[in-house]
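Visitor: I'm new to this and would like to learn how to read a protein model. Could you walk me through one?

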Amino acid sequence: MCVTGQTQGKIFTSLAPMRGLTTRHFMDMLYDCGEPDEYVSEFLRVHPTATIPSNIIDLIENRKSMVGLSIQLLGKEPEHFSRIAKMLQNYKIKSINLNCGCPMPKIGRKGVGGTLLTELNTIDDIISMISDNTNIPISVKTRIGYKSPREFAVILSHLARHKLSAVYVHARTVKGMYSEPVDFEYITIAKAALDCPVIANGDIKTAQEAANIIEKTNANGIMIGRAAISNPWIFRQINELANKTKIFAPTGEDYFNFIEKLQSFAHKLVLTDFQKTSSVKKYVIPIADFVDPSGDFPYRIRRATTLKDLTNMCKNFFVKK
Ligand SMILES: Cc1cc2nc3c(=O)[nH]c(=O)nc-3n(C[C@H](O)[C@H](O)[C@H](O)COP(=O)(O)O)c2cc1C
């Protein structure tokens, strides 16, 4: 059964989970910019004493958006996945998304995230345990192998054993981290092997690239992470391109207003001014890198230590220029 899909003139879009970035506030801001068709939360770490943290409950219950939200789980013990999944049954979520892709060494050393791709029977056990004990749809976010894409066929043969609502494929290996080139041919391979929707992910930076990937791979949709931070209007632009309507081009003022809104969220946090500045810089640095390839504006933003400095730098670049 397809829970996502592509109809003509429409590309299904998903916001990639990004720990520390894809917060409720960020999702609420995307809602105003032109949001994706669904969200996947940053990972909730599953372990023997894990419960559902307050930021995830806040996301489920208080976000502005009405589109589906999947909650991503990262761990390795099937019985604890089942326990958390039963708790999630009390909430309205689109799916439980299993993280089989996180490449960070400190995560990988614990045998979770991308390392699960070396323990395919554990992936089977986790999925079976969740589906035997709850009625929540299950989706998987995976890379195309741990060390090599040659592993992908076997990975797919395991995923094909289960009833999944979608498989999100970040088309590089775990060992390839973020530097290995993305290879979307593996999306076509996944499409052929799986009955469920396959969503393509990895380095998609523009609306045109999204459209090209759909055409080339026949994927059921695309998932975007970092490009949605540097260009929060990207989902709107993808829709506009697909509908052949005028593509929105944000002005300096649009960017400045967006950054001001980020700051207003930071102001509410119980942090020092320096910490608040760092929390806003996580978003502004990718924007600065995107809008000023010369590197001068990003260089200055990286050195900002107060919110006031950050505002003045952004005002000078975006509004007075
Ligand atoms: C800061 C950061 C945090 C991330 N956190 C997660 C996460 O919690 N779960 C996950 O599955 N992937 C995570 N990812 C990977 C993204 O979801 C995505 O697969 C990856 O960035 C490639 O897509 P992109 O090129 O569109 O950003 C993270 C990536 C970044 C840059």
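Guide: Sure, let's start with helix H10 (residues 234-242), where Ile234, Phe235, Arg236, Gln237, Ile238 and Asn239 are buried. Buried means 20 or more other C-beta atoms within 10 Å of a residue's own; 12 or fewer is exposed, in between is partly exposed, and C-beta atoms are placed from the backbone. Helices (H or I, at least four residues) and strands (E, at least two) are DSSP runs, numbered from the N terminus. One note: this is a predicted model, where local features need pLDDT of at least 70, side-chain atom pairs count only at pLDDT 80 or more, and totals for chains, interfaces and linings use all residues. Residues are numbered from 1 along each chain as its sequence is written.

Visitor: What covers the buried residues of H10?

Guide: Among the covering elements are strand S1 (13-15), helix H1 (24-33), helix H8 (207-217), strand S9 (221-224) and helix H9 (226-230). Just after H10, lysine 244 has a positive phi of about 55°.

Visitor: How do I read the confidence?

Guide: Use pLDDT, the predictor's confidence in each residue, from 0 to 100. Here the protein chain has a mean of 96, with 97% of its residues at 70 or more. Over residues 1-7, though, the pLDDT is below 50, and this stretch has 18 contacts in the model beyond near neighbours in sequence. A contact means two C-beta atoms, placed from the backbone, within 7 Å.

Visitor: Which residues have the most contacts inside the largest nonpolar core?

Guide: A nonpolar core is a set of buried Ala, Val, Leu, Ile, Met, Phe, Trp, Tyr and Cys residues joined through C-beta atoms within 7 Å. The largest one here has 89 residues, and Leu73, Val167, Val169, Ala200, Ile222, Ile224 and Val284 have the most contacts inside it. Domain 1 (13-242) and domain 2 (252-319) both give residues to this core, so it lies between them. Those domain bounds come from an automatic or database domain assignment.

Visitor: How many residues does each domain bring to the contact between them?

Guide: The centres of domain 1 and domain 2 are separated by 28 Å, taken over C-alpha atoms. Domain 1 puts 9 residues into the contact and domain 2 puts in 9 residues. On the domain 1 side, H9 gives the most, with 3 residues.

Visitor: And valine 270: buried or exposed?

Guide: Valine 270 counts as exposed, because 6 C-beta neighbours lie inside 10 Å. Look for valine 270 in the loop between H11 and helix H12 (273-291).
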